[in-house]
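Colleague: Before we begin, I should like to understand the terms used for this structure. May I ask how each description is justified?

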Amino acid sequence: MGNDILMTVNWSRAQFALTAMYHWIFVPLTLGLSFLVAFFESIYVKTGDESWKKLTKFWMTLFGINFAIGVATGIIMEFQFGTNWSNYSWMVGDIFGAPLAVEGIFAFFLEATFFAVMFFGWERASKRFHLFSTWMVAIGSNLSAVWILVANGWMQNPVAMAFNPDKARFEMQNFFDVALSPTAVQKFTHTTSSSFLLASLFVMGISGLFLLQNRHKEMAKRSMVVASVLGLVSSGFAAFNGDESAFHIAHRQPMKLAAMEGLYTGTEKAPIVAMGIINPDKKPGDNLPAFKQEVIVPGMLSLLANRDPNSFVPGINDLVYGNPTRKIVGAQERIASGKIAVAELAKYKEAKKAGDQAGAQAALALFNQHKDNLGYGYLNRPEEAVPPVALTFYAFHIMVGLGTFFPIVFLCVLFCSVRGTLENHRWLSAICFACLFLGYVASQAGWVVAEVGRQPWAIEGLLPVGVASTAIAAGSVKTTFFIFLFLFTGLLIAEIGIMVKQIKIGPEA
Amino acid sequence: MIGNLDITVLQQLWWLIASVVGSLFLMLTFVQGGQTLIFTLPASEEEKSLIVNAMGRKWELTFTTLVLFGGALFAAFPLFYATSFGGAYWVWMLILFTFVLQAVSYEYRKKPNNVLGARTYEIFMFLNGSVGILLIGAAVGTFFTGSRFSLGTYNQVTWGTPYHGLEAALNYFNVAFGLFLVFLARTLGALYLVNHVNHEALVARARKASLINLALSLPFLLTVLYGLLTMPGFAVDPATGVVSLEQGKYLHNLLGMPIVLVLLLVGLVSVVWGVVATALLNKNRGIWFGGLGTVLVGLAVFSLAGYHGTAFYPSLTDLQSSLTIYNASSSKFTLTVMSYVALGVPFVLAYVAYVWRVMDSKQLTLAELTTGEDARKMY
Ligand code: HEM
C-alpha cells in the first residue's frame with residue numbers, strides 16, 4: 001500500500017512536470033510576442049506605412065498558432081490541482097483558489113474577447129479599436145501570468161495564512177499580503193522579463209533565418225531592431241530581478257539556494273561556482289568533495305545572499321543536521337517537532353469527536369507550539385528535505401550562463417542595425433537563429449530551478465508533495481501521464497509543422 | 001460592507017455566482033453544438049467552413065467560461081473541487097481531453113502542413129461537442145444522483161469505485177441529462193448559425209435542424225424532469241448539518257422555492273419559443289431566446305441542487321460525507337475578498353458585450369472567408 005502511494009505521488013509529479021513543461025513551451029512566447037506585435041501595430045497605426053501592417057500580420061499569424069496550443073495545454077493545469085492534488089486543493093484551496101478565480105475573471109476574458117478582434121477584426125473594427133484590442137490581448141496574457149505567479153509565489157513563500165485545526169486547512173488572513181508578497185512580485189517580474197527576452201530571441205531568430213536565405217530582408221531588419229531593443233532592456237531586467245529572487249531565496253528557501261550552488265558546508269565568504277561538475281557520489285553528511293571540477297569566485301555567494309561578501313551562507317549539511325553555533329535549526333530537529341504536531345492534531349480531532357473538551361484544548365496547545373514544523377512531521381529522514389542537487393545546480397547555471405550571453409547578442413544586433421551592416425554579418429544571423437532555441441532552454445531551466453529546487457515541498461515547509469496528492473491508483477495516473485505525453489507531443493509536432501510552413505510562406509505579398 | 005454579511009449569506013451568494021457562471025457556460029455551449037453539426041448540416045466544404053468560422057469567433061469565450069467556472073468553484077467551494085475532481089478522476093480527465101483537442105482544432109484545421117489533416121481536427125471538434133458535453137451533463141447529473149465516496153478525518157477523498165467517476169455514465173438519469181445537454185447545444189448551435197451567417201441554403205437547413213434537435217432533446221428532458229420530481233433527494237438539517245434521504249426532495253424544493261419553478265418554466269418556454277420563431281416563423285433572433293432560456297434553466301437546476309437545505313454533491317456511501325454549500329466552502333475571509341473581486345464581473349460582461357456587437361454587427365459571408373482581408377487567417 002505504502003509503495004502504491006509513493007508510485008501515485010511520483011506519477012503525479014511526473015505528470016505535473018510534463019504538462020507544466022509543455023505548457024511553458026508556449027506561454028513565454030505568448031507573453032512576449034503579444035507585446036512585440038502590439039509595438040509593431042502601433043508603429044503601423046502611427047506611420048500608416050502598409051509594410052508595417054504586413055509585418056504585424058506575419059508575426060500575428062505565428063502568435064495565433066502558438067497561442068492555440070498554449071490554451072490547449074493550459075486548461076489541464078487548472079484542473080490538475082483538483083484531479084491529482086486533491087489533498088493539496090483542500091488544504092490550501094482557501095488561499096490558492098482565489099488568485100485562480102481572479103485570473104479567470106480579469107485576465108482570461110480580456111485575452112479571449114479581444115483575441116477575436118485582433119485576428120478577424122481588421123475589416124470589422126476601426127483601426128484604432130483594432131490596435132486597442134491587440135494591446136488588450138498583450139495586457140490580458142500578462143495579467144494572467146500575474147495571478148498564477150501569485151499562487152506559485154505563495155507556495156514558495158506561504159505568507160498571510162493561519163492553520164485551522166478544525167477544518168484541517170490553511171486559511172487566508174490578508175489578500176494583499178498574498179498578492180503583493182515579494183516572492184510573488186519577483187516571480188512576476190522575472191517571468192515576464194525573461195519571456196519578453198525569449199520572444200525577442202524568437203523574432204530575431206526567424207528574422208536571422210530570412211536574412212540568411214535572402215528573403216523578406218526589409219521586414220527582417222525592421223523586426224530585428226524592435227526585438228533587439230526589447231531584448232536588451234528585458235535582459236537587464238531579468239538579470240536584475242533574477243538576482244533579487246536569489247536574494248530572497250537565501251532567506252526564505254535557504255535549502256534551494258544551497259542546492260543551486262551545490263553548497264554542502266556553510267561558510268563565510270561563500271563563493272559562487274561559476275562553472276563546475278558535481279560529484280555524483282556526494283551525499284549530505286559525508287566527507288566527499290561536492291565537485292569534481294570547479295571554477296569559483298570567492299565571496300560572491302555571500303554577496304548575493306546577504307549583500308555582504310563576508311557574511312555566512314548556510315549549506316545543505318547545516319540545514320539538514322542543524323548548526324547550533326549559527327543558530328540554525330536543522331531538518332532533523334524539525335522532523336521531531338513536526339511529528340509532535342501531527343500526533344497532537346490527530347489527538348485534538350479525536351478528543352473533539354469524543355466531546356472531550358479538556359483533552360482537545362491540551363492537544364491544541366501542544367499542537368500550536370509545534371505547528372510551524374507540521375510539514376516536517378510527514379518526512380521520515382532529514383535527508384528527505386534535500387532537493388535533487390545536480391539538477392538544480394545545472395539548471396541554474398545554464399540559465400544564468402545564457403542570461404549573460406544573450407545581452408551580448410542583442411547589443412551586437414542593435415549595433416549592426418544602427419550602422420546598417422546587419423546583412424553583411426551572416427554569422428550574427430546564424431547566432432540569432434541558434435539563440436531562438438537557447439531562449440527556450442534558459443526559460444525551461446528557470447522553472448526547473450524554481451520547482452525542483454523546492455522539493456520535497458508542495459508548500460514550503462508546510463506540505464510535502466507526498467501528502468498533497470490524490471488517493472488514486474498509480475495505474476490511473478500512469479495512464480493519464482502517457483495520454484498527455486502522446487497527445488501533447490502529437491500536437492507539438494503539428495504546431496511545429498504549421499509554424500515552419502508559415503515561416504516558409506513568409507509575410508503576405 | 002460585504003464584510004458584515006453573515007457567512008451563510010456569502011455561501012449562498014457564491015453558490016449563486018457559481019450557478020450563473022455555470023449557466024452562462026451552458027448557454028455558450030452553442031459552440032459545441034455547432035461543432036457537432038459540421039458533418040451533417042453543410043452541403044459543401046465552403047459551408048462547413050462557414051460554420052467553423054462562425055463558431056470560431058466564440059469558442060474561446062465558452063472555453064474561458066468553463067475555466068472560470070472551475071476557478072470559482074476552487075475558490076469558493078474548495079472541498080467540492082478537491083472531492084469531485086480528485087474522486088471522479090476519469091470523467092473530468094476525459095472532459096478535459098476533449099477541450100484540449102478543441103483548443104487547437106480551430107486554428108490548425110485549415111492551416112497548410114497541419115500534419116493530422118483537416119478531417120482529424122473536425123473529428124476533434126465533434127468529440128468535444130458530443131462526448132465532452134455528454135460527460136459534463138453526466139457529471140452535473142451526479143449532483144442529484146450522488147456518487148460513491150467518503151471523506152476522511154482531514155477531508156481526504158476516498159472513491160468507492162475503481163472507475164473513478166465513469167460509473168456515472170451507467171445511471172439512466174445522468175445519461176439522460178447528458179444527452180439533453182448535447183441536443184440542447186445542437187439546437188442552440190443551429191439557432192446561432194441562423195443569426196450569424198449570411199447563406200440562404202445553409203440557414204434554411206439550420207432552421208430545420210434547430211427544430212429537429214429540440215424534438216430530439218425532449219424525451220431526455222422529460223426523463224430528467226420525471227426523475228427529478230420522483231427521486232429521493234439528499235436533505236440537510238440546517239441546525240445539525242446531518243444529511244438524510246428524503247422522498248420527493250427536489251419536488252419539495254421546487255414547491256418551496258416558487259421562483260425556481262418560475263425560472264424553470266420560463267426558461268423552457270423561452271427555448272421553445274426561440275426555436276419556433278426561428279424554424280416556423282423565419283425569425284433570425286431565436287438564439288437570444290434560446291440562450292436566455294438556457295441560462296434560466298441552468299439557474300433552476302443549480303438552485304435545486306444547492307439551496308433549500310440540500311446537499312449538492314451527495315455521497316451514496318456515507319451520507320455524512322455529502323457536500324453542502326456550507327461544509328464545502330472557503331472561509332468567511334476568502335468569500336468576502338472574492339465578493340469584492342466579483343464586483344468586477346459586470347465590467348467584464350460589458351466589454352464582452354461591446355466586442356460581441358462590434359464583431360457580429362455584420363453577418364459572416366463566404367466572401368469574407370475567401371477574399372476578405374483576414375482570409376489567410378480564417379479557420
Ligand atoms: C543573469 C541572469 C539570471 C538570473 C540571475 C536568474 C535568476 C533566477 C532565479 C534565482 C530563479 C529562481 C527563482 C525561484 O526559485 O523562486 C529564476 C527562475 C527563473 N528564471 Fe532566471 N535568472 C536569469 C536569467 C534568466 C533567463 C535568461 C531566462 C529565460 C529566458 C530566465 C527564466 C527564468 C524562469 C522562467 C524562471 C522560473 C520563474 C521564477 O521562478 O521566477 N532566467 N531565475
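Modeller: Certainly. A residue is called buried when its relative accessible area is under 20%. Please keep in mind that this is a predicted model.

Colleague: What makes helix α13 of chain B largely enclosed by the rest of the structure?

Modeller: Helix α13(B) covers residues 332–342, and 8 of its 11 residues are buried, so the helix is largely enclosed by the rest of the structure. The buried residues are T334(B), L335(B), T336(B), V337(B), M338(B), S339(B), V341(B) and A342(B).

Colleague: Which elements do the buried residues of α13(B) pack against?

Modeller: They pack against elements of two chains. In chain A these are α3 (86–120), β2 (169–172) and α5 (175–179). In chain B they are α1 (7–28), α4 (59–76) and α14 (345–360).

Colleague: Why is S12(A) called buried?

Modeller: Buried requires a relative accessible area under 20%. S12(A) has 1% relative accessibility, and therefore counts as buried. The residue is found in helix α1 of chain A, which comprises residues 2–47.

Colleague: Which residues does S12(A) touch, not counting residues up to four places away in sequence?

Modeller: Contact here means heavy atoms within 4.5 Å. With those sequence neighbours left out, S12(A) touches N84(A), W85(A), S469(A) and V477(A).

Colleague: How many helices and strands does chain A have, and why is the chain called as compact as a globular protein of its length?

Modeller: Chain A has 16 helices and 8 strands. Its radius of gyration is 25 Å, close to the 23 Å that the globule rule gives for 509 residues, so chain A is as compact as a globular protein of that length. Along the principal axes, its C-alpha trace spans about 80 × 50 × 40 Å.

Colleague: What share of chain A counts as buried, and what does its exposed surface consist of?

Modeller: Of its 509 residues, 61% count as buried. Chain A exposes about 19,300 Å², of which carbon and sulfur atoms supply 66%. Among contacts in chain A with a separation of 6 or more, residues 24 or more positions apart account for 77%.

Colleague: Which residues of chain B does UniProt list under "transmembrane region"?

Modeller: The UniProt record, an unreviewed entry, lists several spans of chain B, including 13–41 and 288–313. In the model, residues 13–41 of chain B are 76% helix and 0% strand, with end C-alpha atoms 42 Å apart. Residues 288–313 of chain B are 73% helix and 0% strand, and their end C-alpha atoms lie 31 Å apart.

Note on methods:
Residues numbered from 1 in each chain as written. Chains lettered and ligands numbered in written order. Predicted model: local features only at pLDDT ≥ 70, side-chain atom pairs only at ≥ 80, totals over all residues. Heavy atoms only, no water. UniProt positions renumbered as here; feature names shortened; annotations may be inferred. Helix = DSSP H or I, 4+ residues; strand = E, 2+ residues; numbered from the N terminus. Rg over C-alpha atoms; globule rule 2.2 N^0.38 Å. Buried < 20%, exposed > 50% of the residue type's maximum accessible area, 1.4 Å probe, protein only. Areas by Shrake-Rupley, 256 points an atom, 1.4 Å probe, with all protein chains shown as cover.
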